[in-house]
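I opened this notebook to record what I looked up in one protein model. The entries follow the order in which I worked.

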Amino acid sequence: MIDVKHSVFHLHTAWWSCLLRVTKNGLLELVHFGAPVSEKDVDALAVKPGLGWGSSILLDEKDPASCADALPLAWSGSGRGDYRESPIELEDENGPLPAAFRYVKHKIHKGSVLTRFLPQAQNGEETLEFILEQPENHLRLKLYFSVFPTVLTRRAVLENSGESPVYIRKMMSWSIDLPGRYQMTTFDGGWIKEMQKHTVPVEESRVVNESVTGFSSHRHNPGFLLAEPQTTEEHGTVYGFNLIYSGNHYAGVQRSLQGLNRVMQGISPVNFRWEVQPGGFFETPEGVLAWSGNGFSGLSLRMHDFITEHIIPEFWQKRPRPVLYNSWEGCMFNFNERRLLGLAKKAKKLGCELFVLDDGWFGARKNDTAGLGDYNVNKKKLPHGLKGLAKKINHLGMEFGLWFEPEAVNPQSHLYSLHPNWILKDNLPPLTGRHELLLDLTKPEVRDYIVDAVSAILDDTNITYVKWDMNRHSTALGAKAHAYILGLYDVLRRIFVPRPQVLLETCSSGGNRFDLGMLTFSPQIWCSDDTDPIERLEIQNSLSYLYPQSTMGAHVSAAPHAQTLRNTPLTTRGNVSFFGVLGYELDLDHLLPVEEKEIAAQIEYYKAHRETFQFGAFRRLVAEEGIGWQVSDAGLHMAGLFHKLVPAAPGYERLRLRGLKPETEYHVESRPQNLRIGPFGGLLKHVAPVDINPNGAVLRTVDHRATMPDAKEDFTATGSALMAGWMLPPRFSGTGYDKNQRSQGDFGSTVYEIREKT
Ligand code: DGJ
């Protein structure tokens with residue numbers, strides 16, 4: 001809802017409130033953003049500037065409260081006495097211009113107000129549009145505040161009604177000043193090391209979260225958090241921020257002398273210079289702001305709800321996602337139709353529903369040095385074409401999905417030899433990354449080529465899933481990098497909006513473009529090329545702060561893992577992937593009988609609980625040891641407990657659930673799990689009646705076929721007991737095997753079903 005009284009604007013839902021006030025000098029004062037309050041509270045909540053601060057500049061000499069530098073603002077500028085970071089920097093032919101926009105009027109719109117080029121959140125309740133002007137330069141600034149149940153979104157539009165161009169050096173999507181003490185959490189990393197969580201205190205020196213790779217990047221995810229220092233998963237105040245954008249981004253956070261924290265976010269200003277012609281305009285991407293008084297998990301639930309309901313394409317919002325088999329880690333470039341069909345048969349038998357052919361199906365693509373850009377099928381590998389392969393896969397009872405990397409081209413390709421001028425470049429020789437150049441998506445003819453090539457394949461072959469990959473950083477700077485992203489959105493919109501039923505999974509060397517911009521087209525994103533479940537625990541855990549689990553492509557791969565050489569139990573590989581969109585990505589030809597059995601059991605279990613795993617309310621649990629996750633749906637809750645290295649002589653351990661009904665009885669059952677015999681090695685001699693050679697054929701044969709049961713839990717308890725923390729079965733403590741003990745060794749885990757009793 002948006003209520004307006006005199007100069008006070010109250011935007012509010014059941015979850016949050018934002019109180020704004022227009023000052024005498026036409027500034028937008030941010031009186032409050034956070035817990036729901038009433039507009040009657042404006043005076044109580046507003047700052048009390050007193051007689052002001054020495055050396056300060058006043059907008060009105062007689063009014064000490066007119067010091068812009070000391071006010072909490074919802075937008076600011078430069079050259080008018082606010083020396084904190086400005087959300088906007090402008091210039092004309094003669095150099096820098098002051099930015100001093102003053103309120104003129106406002107409008108209230110039902111729903112969201114559409115942007116012209118950028119993706120945006122859908123179906124907002126109401127939008128408040130502030131119109132500010134700087135008549136001296138014939139400039140108008142429109143600030144849009146859209147109300148969604150759990151979040152507020154904001155963006156800015158600059159219009160030039162003058163007679164000469166204006167240049168934007170910096171224009172943020174939003175800016176706010178928050179009172180209080182905060183710690184900032186960012187999610188940083190690189191290839192196979194995405195989303196590493198870092199927390200720093202917010203002080204007087206500016207903290208910056210920024211990407212300049214041309215994309216949102218795995219280096220610094222655009223989403224970040226500000227939390228009061230004592231905040232936990234369950235308690236405390238947290239603000240969460242994100243940007244519906246996939247290009248270079250920037251966020252700056254800095255505390256002022258008065259204890260106001262200026263926070264802003266938008267396109268990175270590094271090398272940015274965008275010309276706004278007379279009569280023209282520029283619009284920023286939309287930012288997302290959320291508040292929670294219930295700790296980090298509370299904040300995540302609000303972000304998840306917003307993404308599921310308002311970002312993900314409508315067709316896929318709550319539609320169960322198929323369990324897929326992907327050919328990449330198992331085959332890489334080395335396959336032909338026979339091999340693929342063999343794998344598909346096995347995948348089908350194990351329970352997979354969708355067969356995805358990854359890289360290597362086109363042109364001269366023997367490895368990653370050639371062929372990219374040429375979308376003609378490689379007839380040596382696939383003599384019956386994609387259509388023939390898809391038909392046979394469909395005949396097996398599976399859907400067919402296909403990989404593309406349409407934004408890039410290998411210099412060794414027909415496309416490059418035909419159109420060397422289609423690549424993205426400046427006046428220096430172009431540089432490759434993974435032997436690739438980027439196509440210049442700012443050129444309409446390049447966009448048309450991609451739209452036509454991909455659409456033709458989608459229309460010719462029965463393809464229900466597309467993996468859209470992109471494997472390098474860009475070298476485009478500033479405005480060009482932004483124009484590229486607008487071009488990319490145009491391409492994605494033209495291909496996928498008319499084909500809503502095609503499930504799009506985007507990927508950029510893993511999670512190099514895991515952002516809300518891509519999610520407006522693709523319901524899921526490949527989180528990381530790191531499929532080691534212990535690494536994935538951290539990556540998926542960090543992603544969960546900002547993104548729901550239905551957006552995370554999570555695959556079981558072979559161990560030792562290609563990224564770490566770590567050996568992990570197949571049970572844990574499955575258990576971690578359950579808390580995302582489950583898939584398999586390994587060579588099925590060399591599975592042992594025990595592995596086949598385990599994978600089939602995993603898929604069956606996942607399917608039986610799929611809607612809760614994919615769309616249940618996600619909570620990070622406060623586990624006494626390891627990492628705990630819980631997803632909850634109506635009467636069903638699924639929990640996972642994951643350990644890293646085992647300690648010697650482990651103590652008692654409890655698991656504490658959340659969000660249950662205290663008085664209600666629940667049936668708790670752990671997923672039946674079996675232990676491989678091989679890892680016990682020579683220890684078996686202590687229990688076996690005969691001498692067993694730990695390196696011999698007998699043990700190997702037994703290990704490939706038989707397993708031993710791991711501890712099984714099956715009991716009933718009240719919600720209050722489960723939330724207080726139930727005592728788990730003992731862990732292996734060096735004194736022997738028992739079937740009621742968790743003898744999982746390193747990297748063990750357990751998944752639980754907690755069902756409300758009726
Ligand atoms: C990088 C992706 O992240 C992988 O999953 C795979 O699709 C390769 N590209 C293919 O080249």
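The entries below concern the ligand, one helix and the domains.

I noted that this is a predicted model, in which local features need pLDDT of at least 70, side-chain atom pairs count only at pLDDT 80 or more, and totals for chains, interfaces and linings use all residues. Residues are numbered from 1 along each chain as its sequence is written, and side-chain values use heavy atoms, with hydrogens and water left out.

**Ligand.** I looked up the residues around the ligand (those with a heavy atom within 4 Å of it). There are 13, and Asp-358, Asp-359, Lys-467, Asp-469 and Asp-529 come nearest. I then looked up polar contacts (pairs of N or O atoms within 3.5 Å). A side-chain N or O atom of Asp-358 is 2.7 Å from a ligand oxygen, and one of Trp-403 is 3.1 Å from a ligand oxygen. Asp-469 places a polar side-chain atom 2.7 Å from a ligand nitrogen. On its own the ligand has 300 Å² of accessible area (Shrake-Rupley method, 1.4 Å probe), and the protein covers 98% of this.

**Helix H5.** I read H5 (a DSSP run of H or I, at least four residues) as residues 385-395. Its buried residues (under 20% relative accessible area, 1.4 Å probe, protein chains only) include Leu-386, Leu-389 and Ile-393. Among the elements covering the buried residues are helix H4 and helix H7. After H5 comes Gly-397, with a positive phi near 95°.

**Domains.** The domain assignment (automatic or from a database) gives domain 1 (2-310), domain 2 (314-615) and domain 3 (633-756). The C-alpha centres of domain 1 and domain 2 are 35 Å apart. Their contact (heavy atoms within 4.5 Å) takes 51 residues from domain 1 and 50 from domain 2.

Note on methods. Polar contact = N/O pair within 3.5 Å; in protein donor to acceptor, adjacent residues only side chain to side chain. Buried < 20%, exposed > 50% of the residue type's maximum accessible area, 1.4 Å probe, protein only. Helix = DSSP H or I, 4+ residues; strand = E, 2+ residues; numbered from the N terminus.
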